Amino acid sequence: MTALIVCTSVSHGNTRRVADVMGEVLGARVVAPDEVDPAELSSYDIVGFGSGIFNMSFHPDLLKFVDRLPDGASARAFVFCTSGFPEPAFRRYTHNLSGRLASKGYDVIDVFSCRSFDTWWPFKPFGGIHKDRPNDADLDAARAFARRL
């Protein structure tokens, strides 16, 4: 199985840490959206798409990359994210990204999320939340997720 992980990680490197452990399990190269041609993704059996969550959405760079993907993909995909809080029922951002990928022809087979260090306002003045995340248990969960794929 050939795999690729497209990851945007900008604040504290948390999402990249998760992507790297998934990449180890899958034998996947981890790249930023600007490091890969969207047309290249059709040559992979499975592609992961992930970022930290900003304002209850995936990073704009990742979303723009997904919007540029050619239609008619036949690969499987997975979605992952890191965030300070769990995904709220009123704003299902993983469903949004999964839907965008499905509209391009990807079969989104699973989603992974874990807590991470978050210094977004209003937490910044207090030093942020979840300073110890992702921790070893989170990274083990990411490895187990990747094995199930």
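In which sense do S5 and strand S6 pair, and over how many bridges? In this predicted model, S5 and S6 (residues 107-115) run in the parallel sense, and 8 bridges join them. One position to look up is Thr82, which has Cys114 of S6 opposite. Together with H3, these two strands build a β-α-β unit, and the unit is right-handed.

**Two cores**

Let us turn to the nonpolar interior. The largest nonpolar core holds 24 residues, and the members that touch the most others are Val6, Leu41, Phe49, Phe58, Leu97 and Tyr106. Two or more residues each come from strand S1 (3-8), strand S3 (46-54), helix H2 (60-68), strand S5 (76-83) and helix H3 (93-103). The largest share belongs to H2, with 4 residues. Another core lies apart from this one; it has 20 residues, including Ala19, Ala142, Phe145 and Ala146.

**Aromatic pairs**

How many aromatic pairs does a search of the whole structure find? The search gives 5, and two of them are set out here.

| Pair | Centre to centre | Angle between planes | Separation along the chain |
|---|---|---|---|
| Phe58 and Tyr93 | 6.1 Å | 80° | 35 residues |
| Phe78 and Phe145 | 5.7 Å | 65° | 67 residues |

Why is the pair of Phe58 and Tyr93 edge-to-face? Their planes stand at 80°, and planes over 60 degrees apart count as edge-to-face. This pair links distant parts of the chain, with Phe58 in strand S4 (residues 57-58) and Tyr93 in helix H3. Both Phe58 and Tyr93 are buried.

The rings of Phe78 and Phe145 are edge-to-face as well. Here, too, distant parts of the chain are linked: Phe78 sits in strand S5, while Phe145 belongs to helix H4 (residues 136-148). Phe78 has a relative accessible area of 0%, so it is buried. For Phe145 the value is 1%, which means that this residue is buried too. Phe78 and Phe145 also join Phe80 and Phe112 in one aromatic cluster.

**A loop residue**

For a change of scene, look at Ala39, in the loop between strand S2 (29-31) and S3. Why does Ala39 count as partly exposed? Its relative accessibility is 42%, and partly exposed covers the range between the buried limit of 20% and the exposed limit of 50%. If you would like a distance to check in your viewer, take the C-alpha atoms of Ala39 and Thr94: they are separated by 23 Å, and the two residues are 55 residues apart along the chain.

Notes:
Residues numbered from 1 in each chain as written. Predicted model: local features only at pLDDT ≥ 70, side-chain atom pairs only at ≥ 80, totals over all residues. Heavy atoms only, no water. Core = buried A, V, L, I, M, F, W, Y, C linked by side-chain atoms within 4.5 Å. Buried < 20%, exposed > 50% of the residue type's maximum accessible area, 1.4 Å probe, protein only. Pairing = 2+ DSSP bridges. Right-handed = clockwise from strand over helix to strand, strands pointing away. Phe/Tyr/Trp six-rings, centres within 6.5 Å; stacked < 30°, edge-to-face > 60°.
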